[in-house]
Amino acid sequence: MSSAAIRKSIRNYYETRRQFDNRQIDNESSIRRAFLTLLNETSRPHRWLVIEEHPLHAFGGRLIKPDATLQDEYSIPRGHYEAKDSKDDLETEIRKKFAAGYPASNIIFEDSSTAILYQNEARALEIPLQNETALTDLLTTYYHHRRPDIDGFENAMAAFQAKIPDIAATLAGKVSSALANRRQFASVFDNFLTLCRTSLNPALSPEQVQEMLVQHLLTERLIRRVFDYEEFVSTNVIASEVERVITALASHDFSRKSFLRDLDPYYNTIESTASTLTEFADKQHFLDRVYEKFFQAYSPDTADTHGIVYTPPEIVHYMCASVAAALENEFQRPLGSPGTFILDPCTGTGNFIAHLIQSFIPRRNLEQMYRSQLFANEVMLMPYYIASLNIEHAYFERMERRLPFEGLCFVDTLDMAEAPQMGLFTEANTARVQRQKNAPINVIIGNPPYNVGQKSENDNNKNRAYPVIDRRIRETYSKDSEATSKSKLNDAYVKFFRWATDRIGNQDGILCFVSNNGFVEQHAFDGMRQHLAQDFTLIDHIDLHGNVRKNPKLSGTTHNVFGIQVGVGITLAIRKSGASRRIRYHRVPELWTKREKLGFLRAGEVPWQTLTSGAVRTWLVAENAAEFASLLSISDAFKSWSLGVNSNRDEVVYGFDLPSLDHRVERFAESYNSEVDRYSRAGRPKDVDKFVDSERVKWSSTLKDNLRRGICARVSAKDNRVALYRPFAKQFLHWNRLLLHRPGKFEGFFTPTMQNRCICLTGPGSEKPFMALATDAVPDLHLVGAGAGCQAFPLLTFQIEDGRSVDNITDSALTLFRTHYQTDSITRSSIFHYIYALLHHPAYRERYAEALKKELPRIPFAPDFAAFARIGDRLMDLHINYEFAEPYPLKWVENPEAPYSLTLDDRMRLSKDRRSITYNDCLTLAAIPPEAFDYRLGHRSALEWVIDQYRVKRDDNNQITSDPNRPDDPEYILRLVGQVIAVSLETQRLVAQLPEAFTSTAAGSD
């Protein structure tokens, strides 16, 4: 945090103190509250969390509670704070606190007039609190205090993360070698592989099971030492089975102790740091963070597929409290009652069940609940181990005796909907799973995985298919959806919602999940919303926002409660016989930080908004929705439209330079065709994912389908055409249906010889603001970037057989417009231009902003059709012919010390004040008018799109792969910058000329 930011927080602190002084308030609690606010604000950049009255065990075991403890992300205390009121003698109070065992490593004492900082057991600073400079110095010294042991831990943790991939790879090599050369180990491993496939996933590969062994080898020591439980491996029913395989691996050529000796310095430092944590909850959080960091380094694919994200304790507490309150209020049944059976189906490190034990189940009911009514599942080895320790220790703390938690199963929850397996890992685990299956589960709580699937077909990291659950989704959420694309229903959390609903069945019950919350409003989930509203009587949803893709001003780290890119929400769904149906919703402020959101949940007071009665498909009804629904849909005005081209391999089929594009396409086709040949010669193996070579070929699902059919690629330079890749950034596109993942309908929209125009706009469910842009070139699907699909509406279509053009504005739309305006002079072309102008109208976009997020535009009748059509025509010409616009007169500033050059060497750089662009070492374009940035398409202005797209890109070997420079026109990019500025300014001028009134009567009402 900068000194200026600290001073701003200090001045806020002084203002609060002045208000206290004016009211003659000088008690300790008020003084403390003002200073705690100061600490909360100034600790954020350091990622320290201020925890009030956090219990600590001092020397000799005495429990102390400083007014505040500041912890880092691992729950390690980094500082403390203690307040006294003005009537106390500060020096006397400090001596008392140190005598009681308060730490003097880094602690602030203050009494409203003086603040004293102790560091490293000695007084470091004493300042008058009213001296702003002195207080700034004190806080800076406080936050920059470095403990050698903490520095050592952070260095060890970073080195441990860096070493994990290499150590894991070497370990995997040892296992592979033993499999190839040692028959006894191979036999034990094969039995273990069969066991894992039977118990967890029939598609598990030997390599994935090897990963389990590596996980165990690398982490079991940490688990034992952090929790001080050396007997863990021998007593845990799963760990003991894994140890049998590890024992078989050990031999003269592999010593576990010798191999892991290199990690001793890291283990020792991590274990030593953990030993300074006296509270089990802190150790639990510490190991959660280590576990998260471990998986991010060890297996990013595993972390992605299973959503390895630690659930903040505030969320855990809020959800547990919500479930407890629902049981009391809706069913008049305490959480510990005999009829309550609770399951966490994706328990991770067991925090939900542990917290229920720690804080919500009465001790008189706890043993019965623990033995018979609490259940949890985990499919990954390391979190399973930690969950076992967490839950069993939580019980030990409450009941003061250890008892194995037999409700914990090592199993894939979604697999439990499938046909029964022969055995589930061990006899004890099989018995646990069967007991859970027999239990009348009526409360399901947890944090399901949140990812939608692999980022690329080359990842071979698809979410696993579950025939029963996938079929149930098809029969319900998908069947009753009106969305065109339903791929988002493949998200793992959607499968858990479906599974949990079916698991509760027809009995009364409660479902509480924290998850990706895209299902609340995105169009693809309309069927899911319908069924949730039918399956449950009462639904509450807290929208914690944090969708970085929708709002680039947000930071995943700062604003998202999980530090991820997608929005997060908490859903409480209750099935209660005979109750009236109700859906409640609350959305926290969009710009709240993670800390503010968690503080809100900690307070637990939610100002609910009851949604419109009967809202089933659409829970969040857009403002002016009824009015919008009465208008003419753009889909009824056009006979044909299409999503933009989805290549799935942009780096292959797009390019600024035709010769290099042809070379890339030919090389790709050759690599793909060799795979077709190799596939045929290999006997057409069924598992294509495992067969294909992902180094040379960028795969997609459609390309794999063509491989299966034995279709070879045939490419020709004649297939190249111009495409609008991003706003005002044209590239050549190699048009080949085999090489394009989803080519759309553009063969019927554009021909090599005929001109056409399209209105491109952001489609429903876009994560970017609504925009419209006309083009005479093939548009890309992500015209305004990822997370926003482009829909293209052409003026004409062409018969593929003979190239004959066909009007694309429907007869019914033409009749409707002519009837409403009572004139036959309206043409299809004028309607096309009218629509384009209307989609630019600021009041139209503002009035129907929420509706435009959910569905295609609808078209009202403006009082002055001719004015809209005329301005729409001019806007369209301006946007399509932008390369012929007169450039805005920028100031060229040359650097006399650099060789003169008009070549873009790397990329353009916009100055911080946005008044100039550094083009290359020689040239800067200055005097950019601020208004140029007001014409926006998605999250960027038109000018920023040009700056972003026109850059020289090089591959890993520093070979140029994309170069926008034009040797035949060296000033093209420089001229383009000026042209796009001119287009931006003229667009705003024309839009300002649009008539204020954009609607009179609803279209379609005549």
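At what angle do helix α15 (residues 351-359) and α17 pack, and how far apart are their axes? In this predicted model, the two helices pack at an angle of about 5°, and 8 Å separates their axes. Since angles under 35 degrees count as roughly parallel, α15 and α17 are therefore roughly parallel to each other. On the α15 side, the contact involves Asn 351, Ile 353, Ala 354, Ile 357, Gln 358 and Ser 359, and these residues meet Asn 390, Ile 391, Ala 394, Tyr 395, Glu 397 and Arg 398 in α17. By class, the residues of the contact of α15 with α17 comprise six nonpolar, four polar and two charged.

Helix α17 (residues 381-399) also packs with helix α16 (residues 363-373), in this case at an angle of about 150° and with the axes 11 Å apart. Angles over 145 degrees count as roughly antiparallel, and α16 and α17 are therefore roughly antiparallel to each other. The crossing of this pair is left-handed. Helix α16 contributes Arg 363, Leu 366, Glu 367 and Tyr 370 to the contact, while α17 contributes Ile 391, Glu 392, Tyr 395, Arg 398 and Met 399. Five of the residues in the contact of α16 with α17 are nonpolar and four are charged, with no polar residue present. Ile 391, Tyr 395 and Arg 398 of α17 thus appear in the contact with α15 and in the contact with α16.

A further helix pair is formed by α20 (residues 492-504) and α21 (residues 526-535), which pack at an angle of about 25° with their axes 12 Å apart. By the cut-off of 35 degrees, α20 and α21 are therefore roughly parallel to each other. Helix α20 passes α21 in a left-handed crossing. In α20, Tyr 493, Val 494, Phe 497, Arg 498 and Thr 501 make the contact, meeting Met 528, His 531, Leu 532 and Asp 535 in α21. The residues of the contact of α20 with α21 include five nonpolar, two polar and two charged.

Two open sheets were also examined. One has four strands in the order β19-β26-β23-β24, and its pairing is antiparallel. Strands β19 (642-643) and β24 (772-775) lie at the edges, each pairing on one side only. Within this sheet, strand β23 (residues 758-762) and strand β26 (residues 790-794) run antiparallel and are joined by five bridges. Cys 760 stands opposite Ala 792 in β26. Helix α31 (residues 828-838) lies across β23, β24 and β26, and runs at about 30° to β23. Helix α34 (residues 865-880) also packs on the sheet, where it touches β23 and β24, and its direction makes about 65° with that of β24.

The other open sheet likewise has four strands, in the order β20-β22-β21-β25, but with mixed pairing. Its edge strands are β20 (654-655) and β25 (778-779), each of which pairs on one side only. Strand β21 (residues 720-726) runs parallel to β25, and two bridges join them. Ala 723 stands opposite Val 778 in β25. Helix α27 (residues 658-681) packs on this sheet and touches β20, β21 and β22 (729-734), its direction making about 40° with that of β22.

Confidence in the model was considered for the chain and for particular segments. The mean pLDDT of the chain is 87, and 92% of its residues reach 70 or more. Over residues 452-457, pLDDT stays under 50, and the model has 19 contacts beyond four places in sequence for this segment. Residues 1002-1006 also have pLDDT under 50 throughout, with 13 contacts beyond four places in sequence. Where pLDDT is low, the predicted coordinates should not be read in detail.

Terms used:
Residues are numbered from 1 along each chain as its sequence is written. This is a predicted model: local features need pLDDT of at least 70, side-chain atom pairs count only at pLDDT 80 or more; totals for chains, interfaces and linings use all residues. Side-chain values use heavy atoms; hydrogens and water are left out. Axes are lines fitted to C-alpha atoms, for helices over the stretch in contact, and angles run from 0 to 180 degrees between N-to-C directions. Angles under 35 degrees count as roughly parallel, over 145 as roughly antiparallel, 65 to 115 as roughly perpendicular and the rest as oblique. A crossing is left-handed if the near helix is turned anticlockwise from the far one by less than a right angle, and right-handed if clockwise. Contact means heavy atoms within 4.5 Å. Ala, Val, Leu, Ile, Met, Phe, Trp, Tyr, Cys and Pro count as nonpolar, Asp, Glu, Lys and Arg as charged, and the others, Gly among them, as polar. pLDDT is the predictor's confidence in each residue, from 0 to 100. Two strands pair if DSSP finds at least two bridges between them.
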